[in-house]
Each structure stands twice: as C-alpha cells, then as structure tokens.
Amino acid sequence: MVDATNSAEATSSVSGAGSAGPKPLAGQSALVTGASRGIGAAVARDLARLGARVGVAARSEAPLRELTAELGGWALPGDLTDPDGVAQMLRRFREAAGGEPDILVTSAGVFTIASVEATSAEELDLNWALNVRASVLCVQGVLAGMKARGSGTLVQVGSVAGRKAFPGNGAYSASKFGIRGFHEVLLEEIRGTGVRATLLEPAATDTPIWDPIDPDNDPHLPPRAAMLRPAEVAEAVSFVVTRPAGVQIPFLPIERS
Ligand SMILES: NC(=O)c1ccc[n+]([C@@H]2O[C@H](COP(=O)([O-])OP(=O)(O)OC[C@H]3O[C@@H](n4cnc5c(N)ncnc54)[C@H](OP(=O)(O)O)[C@@H]3O)[C@@H](O)[C@H]2O)c1
C-alpha cells in the first residue's frame with residue numbers, strides 16, 4: 001500500500017478505491033499519465049474512488065505498482081517522450097482494459113525554469129516532447145475508438161502558464177500555450193461526436209515538480225504552503241468527468257482564492 005499519511009493527498013477525503021460512497025464511474029475505465037506521483041497519482045486515486053478501473057502510466061515502475069496494489073487497475077511503465085513508448089503504453093492499456101478508455105487524463109509533464117537567454121535546446125525539446133507531443137499522441141491514439149463509441153472524456157493538464165507569462169518559463173510556457181492551441185483545435189474537431197474535452201489549467205500545486213526549484217527559498221515564487229494540493233486538482237478532474245453526458249467543460253482554470 002502507498003503510505004499517503006505524509007503526502008499532500010492525505011489532506012483530502014480521497015482514500016482509494018475501497019472507500020465507501022457513490023461510484024458514478026463504475027464500469028468505466030480511465031487512463032492517467034504522469035500517475036507515479038503528484039497530480040496524476042491524486043487523479044488516479046480519485047477516479048478509482050469513484051469506481052473507475054484505472055491504468056496508470058509514467059516511467060517509474062515501483063510507484064505505479066504500489067498504486068495498482070492500492071487501487072487495482074494496471075501499471076503501464078514507459079517513457080512517453082518516445083512516440084513508440086506512447087504507442088506501446090496505449091496498446092498495453094487496450095489489451096488490459098479490453099478497449100479504449102472512457103476517460104483519458106494526460107498529466108505527465110516537466111517544468112523547467114531558465115531565462116530566455118539561458119534556455120537550452122534540450123530543455124525546449126523535453127518540454128515539447130512530453131508536455132505537448134506525448135499528450136497529443138495519447139489523445140490521437142484513443143480518439144477514433146471514442147468517436148466510434150460516441151462517448152469519452154479527454155482531460156489534458158495544461159497550466160496557468162499556458163495563459164499567463166511568468167519570468168523564467170519560456171520553454172514551459174511555450175509548451176503549455178502549445179497544448180492549449182491543440183486543445184482548441186480538438187474542441188472544434190470533436191463537436192457533435194459525443195466525445196468531450198477539457199483543458200485543466202491549475203495554478204501552482206504542491207507536488208514533487210517543485211523539489212529541484214525549492215520555492216520556499218525563492219521570494220519570487222509562491223511558498224509551497226500557499227499552493228493548491230494535488231487532491232484539490234484531482235477533485236476538479238472528477239467534477240469534469242462526472243458531468244452528465246452532453247455537458248462539456250472546455251476549460252477549467254483552478255487557483256487559490
Ligand atoms: N505542480 C504544479 O505547480 C503544476 C501547475 C500547473 C500545471 N501542472 C502540470 O501538471 C502536470 C503534472 O505535474 P505534477 O506537478 O504532478 O508533476 P510531478 O509531481 O513532477 O509528476 C510528473 C509526472 O510525469 C511523469 N513523467 C515525467 N517524465 C516522464 C516521461 N518521460 N515519460 C512518462 N512520464 C513522465 C512523472 O513520472 P516519472 O518520473 O516516473 O516518469 C510523474 O508521474 C504537468 O503537466 C504539469 O505541467 C503542474
């Protein structure tokens with residue numbers, strides 16, 4: 001079992017698949033990328049709590065296996081910056097779940113900070129390959145099946161940095177504005193198909209993505225205690241995916257009041 005007692009997830013009522021309560025997602029399957037920690041892990045827990053069978057993807061196999069020991073579902077380890085890695089992950093999900101997911105949440109992401117002058121080609125490539133290309137390939141990979149079925153919910157995790165500029169966010173912001181551009185095209189292309197899509201745009205959230213940056217010791221960054229909790233972002237995903245069929249929330253910014 002994952003010990004959540006010291007993690008941000010423990011601040012919410014989310015407590016895994018076994019908890020009592022309504023199961024509006026019973027019979028549905030969900031695929032969550034970036035689920036080895038942070039927002040993705042919290043999303044996987046909350047979707048399982050609501051009754052979904054969840055496939056969890058990231059590179060680190062051990063935390064994925066701990067999560068599936070807790071929630072059931074399927075661990076799908078692999079590097080999603082590699083298009084073949086995305087294709088393999090989707091194939092393994094289909095084999096395990098018996099088809100395309102009812103819900104796709106793309107949360108795998110990287111965050112780099114560097115001034116415009118200091119941003120390297122490698123940082124640009126990494127932000128593009130994971131924050132944009134992997135999400136796009138995941139959506140592309142499940143879309144035909146969802147359209148054929150006439151239902152499905154696609155949730156891409158964007159960022160407040162996909163709308164608003166912050167110094168040092170050149171590569172990251174380019175990727176998050178990029179995924180917003182893709183999402184807006186997607187919204188037009190899925191109109192009338194029964195498939196719906198949401199771009200989630202969280203503000204700063206207290207996850208391991210901040211560990212290398214140490215915001216508590218940088219006066220230009222929000223302290224971790226003032227950030228959103230991953231479980232609060234996960235609850236927003238659960239809200240989106242439990243709307244009645246035919247109701248779509250195209251954009252969902254989330255911030256601290
Ligand atoms: N935290 C924030 O303040 C914040 C705010 C707005 C938006 N977001 C967005 O929310 C999403 C999740 O962020 P987070 O804060 O939860 O970050 P996190 O705690 O660092 O988690 C990132 C996840 O992505 C996975 N990942 C990283 N590289 C990967 C790769 N090459 N292939 C497959 N998976 C990979 C990581 O697992 P492995 O390392 O095991 O692969 C991990 O599961 C990101 O898209 C981020 O941009 C975060």
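The questions and answers below work through the fold, two helices, a core residue, a loop residue and the ligand shell of this predicted model.

Q: How many helices and strands does the protein have, and what pattern do they follow along the sequence?
A: The secondary structure of the protein is made up of 6 helices and 7 strands. Read along the sequence, these elements follow the pattern β-α-β-α-β-α-β-α-β-α-β-α-β.

Q: What is the radius of gyration of the protein, and what does the globule rule give for 257 residues?
A: The protein is as compact as a globular protein of its length, because its radius of gyration is close to what the globule rule gives for 257 residues. The C-alpha atoms fill a box of roughly 50 × 40 × 35 Å, taken along the principal axes. The two values asked for are a radius of gyration of 17 Å and a rule value of 18 Å.

Q: Among contacts between residues at least 6 apart in sequence, what percentage join residues at least 24 apart?
A: Counting contacts in the protein between residues at least 6 apart in sequence, the share that joins residues at least 24 apart is 68%. As for burial, of the 257 residues of the protein, the part that counts as buried is 43%.

Q: Is α1 mostly covered or mostly open, and which elements do its buried residues pack against?
A: The helix α1 is mostly covered, since 12 of its 12 residues are buried, and G38, A44, L47 and R49 are among them. Just after α1, G51 takes a positive phi of about 110°. The elements against which the buried residues of α1 pack are β1, β2, α2, β4, β5 and α6.

Q: How far apart are the end C-alpha atoms of α1?
A: At 1.5 Å a residue, the 12 residues of α1 should span 16 Å. The distance found in the model agrees with that expectation, and it is 17 Å.

Q: Which residues of α6 are buried, and what covers them?
A: In α6, which has 12 residues and reaches 17 Å from its first C-alpha to its last, 9 of the 12 residues are buried. These buried residues are P230, A231, E232, V233, A234, A236, V237, V240 and V241. What covers them includes α1, β4, β5, β6 and β7.

Q: Which residues have the most contacts inside the largest nonpolar core, and which residues does V32 contact?
A: The largest nonpolar core has 57 residues, and those with the most contacts inside it are V32, A44, L47, V56 and V237. In soluble globular proteins, nonpolar side chains tend to be buried together. Leaving aside neighbours within four places in sequence, V32 is in contact with G40, V43, A44, L47, V54, V56, A57, V105 and S107.

Q: Why is T193 classed as partly exposed, and which residues does T193 contact?
A: T193 lies in the loop between α5 and β6, and T193 is partly exposed because 15 other C-beta atoms lie within 10 Å, while 20 or more would be needed for a buried residue. The C-alpha atoms of T193 and G181, 12 residues apart along the chain, are separated by 20 Å. Leaving aside neighbours within four places in sequence, T193 is in contact with K147 and G150.

Q: Which element gives the most residues to the shell around the ligand?
A: The ligand is surrounded by 28 residues, and the closest are G34, G38, R59, S60 and G109. The elements giving two or more residues to this shell are α1 and α4. The residues of the shell divide into 13 nonpolar, 12 polar and 3 charged. The element that gives the most, with 3 residues, is α1.

Methods:
Residues numbered from 1 in each chain as written. Predicted model: local features only at pLDDT ≥ 70, side-chain atom pairs only at ≥ 80, totals over all residues. Core = buried A, V, L, I, M, F, W, Y, C linked by C-beta atoms within 7 Å. Contact = placed C-beta atoms within 7 Å. Near = placed C-beta within 6 Å. Helix = DSSP H or I, 4+ residues; strand = E, 2+ residues; numbered from the N terminus. Nonpolar A, V, L, I, M, F, W, Y, C, P; charged D, E, K, R; others polar. Expected span 1.5 Å × (residues − 1). Rg over C-alpha atoms; globule rule 2.2 N^0.38 Å.
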